[in-house]
Amino acid sequence: MTTNFKLYQIHLTDSEYDLVNEKGHDAVPKQKAKLDIQFADDPGEVAGVALELDYYKHVANITADSLEGVFNVGNIGPEENIERLDDMYSVSVGDVVEDELGNRSVVASAGFKAVI
């Protein structure tokens with residue numbers, strides 16, 4: 001059974017990229033959050049804080065049969081299963097996926113973790 005999932009990603013502006021390049025990753029809170037999620041013991045907690053701080057943007061809706069299916073579709077297609085709402089890069093660690101019931105999970109280094 002396929003479901004519609006919302007995909008949220010953290011994107012930096014050009015000026016934020018410039019600041020990271022000038023002063024380092026910690027100079028831009030969104031970038032620091034992206035890195036913290038990758039290395040956190042509980043990436044779901046860090047992603048939850050980043051969501052509350054409005055660091056994430058709803059970039060796409062993906063039709064898939066599971067969270068793993070979202071990961072696959074977001075990386076290899078098929079393109080017709082992706083409704084792009086904004087710039088979207090491939091689904092990767094730190095991205096948040098929301099199911100039709102509003103349950104949110106973050107892509108972790110191994111699998112998915114519930115967003116707290």
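Me: How many salt bridges does the structure hold?
Reply: The structure, which is a predicted model, holds 5 salt bridges.

Me: Which residue does Asp36 pair with, and how far apart are the closest N and O atoms?
Reply: Asp36 forms a salt bridge with Lys32, and the closest N and O atoms are 3.0 Å apart.

Me: Where do those two sit relative to each other in the helix?
Reply: Both belong to helix α2, residues 29-39. Asp36 and Lys32 are 4 residues apart there, so about one helical turn separates them.

Me: And how exposed are they?
Reply: Asp36 is partly exposed, at a relative accessible area of 32%. Lys32 is partly exposed too, at 34%.

Me: What does Lys57 meet in a salt bridge?
Reply: The side chain of Lys57 meets that of Asp86, with 3.0 Å from N to O. Lys57 is in strand β2, while Asp86 is in the loop between β3 (82-84) and β4 (96-98), so this salt bridge ties together parts that lie 29 residues apart in sequence.

Me: What is the relative accessible area of each?
Reply: For Lys57 the value is 41%, which makes it partly exposed. Asp86, at 33%, is partly exposed as well.

Me: Which residue pairs with Glu79?
Reply: Arg84 does, through a salt bridge of 2.7 Å from N to O. Glu79 is partly exposed at 44% relative accessibility, and Arg84 is partly exposed at 42%.

Me: Switching to rings. How many aromatic pairs turn up?
Reply: A search of the whole structure gives 0 aromatic pairs.

Me: What sits over the ring of Tyr8, then?
Reply: The charged end of Arg104 does, 5.2 Å from the centre of the Tyr8 ring.

Me: Now the inside. Which residues touch the most other members of the largest nonpolar core?
Reply: Leu7, Ile62 and Met88 do, in a core of 14 residues. Two or more residues come from each of β1 (3-10), β2 (56-64) and α4 (67-76). The largest share is that of β2, with 4 residues.

Me: What does Leu7 touch, ignoring its neighbours up to four places away in sequence?
Reply: Leu7 touches Lys57, His58, Val59, Ala60, Ile62, Met88, Val91, Asp95, Val96 and Val97. Lys57 is therefore a contact of Leu7 as well as the partly exposed β2 residue that pairs with Asp86.

Me: What lies apart from that core?
Reply: Another core of 12 residues does, and its members include Ala33, Ala50, Leu51 and Tyr56.

Me: Which residues of α2 are buried?
Reply: Lys30, Gln31, Ala33 and Ile37 are the buried ones in α2. Viewed down the helix axis they fall within an arc of 160°, so they line one face of α2.

Me: What covers them?
Reply: The cover for the buried residues of α2 includes β1, α1 (14-23), α3, β2 and β5 (104-107).

Me: Same for α4: which residues are buried, and what covers them?
Reply: Gly69, Val70, Val73 and Gly74 are buried in α4. Their arc around the axis is only 130°, which puts them on the same side of the helix. Among the elements covering them are β1, β2, β3 and β4.

Me: What happens to the backbone just after α4?
Reply: Gly77 takes a positive phi there, about 95°. The peptide bond from Gly77 to Pro78 is cis, with omega near 15°, and Pro78 is in the loop between α4 and β3.

Me: Why bother listing those angles?
Reply: Because most residues other than glycine have a negative phi, and most peptide bonds are trans.

Me: Which residue has a positive phi although it is not a glycine?
Reply: Asp54 has one, at about 65°. Asp54 is in the loop between α3 and β2, and at 62% relative accessibility it counts as exposed.

Me: Where is Leu53, and how accessible is it?
Reply: Leu53 lies in the loop between α3 (43-52) and β2. At 49% relative accessibility Leu53 counts as partly exposed, because exposed requires over 50%.

Me: How far is Leu53 from Phe39?
Reply: Leu53 and Phe39 are 14 residues apart in sequence, and their C-alpha atoms are 19 Å apart in space.

Conventions:
Residues numbered from 1 in each chain as written. Predicted model: local features only at pLDDT ≥ 70, side-chain atom pairs only at ≥ 80, totals over all residues. Heavy atoms only, no water. Core = buried A, V, L, I, M, F, W, Y, C linked by side-chain atoms within 4.5 Å. Buried < 20%, exposed > 50% of the residue type's maximum accessible area, 1.4 Å probe, protein only. Contact = heavy atoms within 4.5 Å. Salt bridge = Lys/Arg side-chain N within 4 Å of Asp/Glu carboxyl O. Phe/Tyr/Trp six-rings, centres within 6.5 Å; stacked < 30°, edge-to-face > 60°. Lys NZ or Arg CZ within 6 Å of the ring centre and 35° of its normal. Arc of directions from axis to C-beta.
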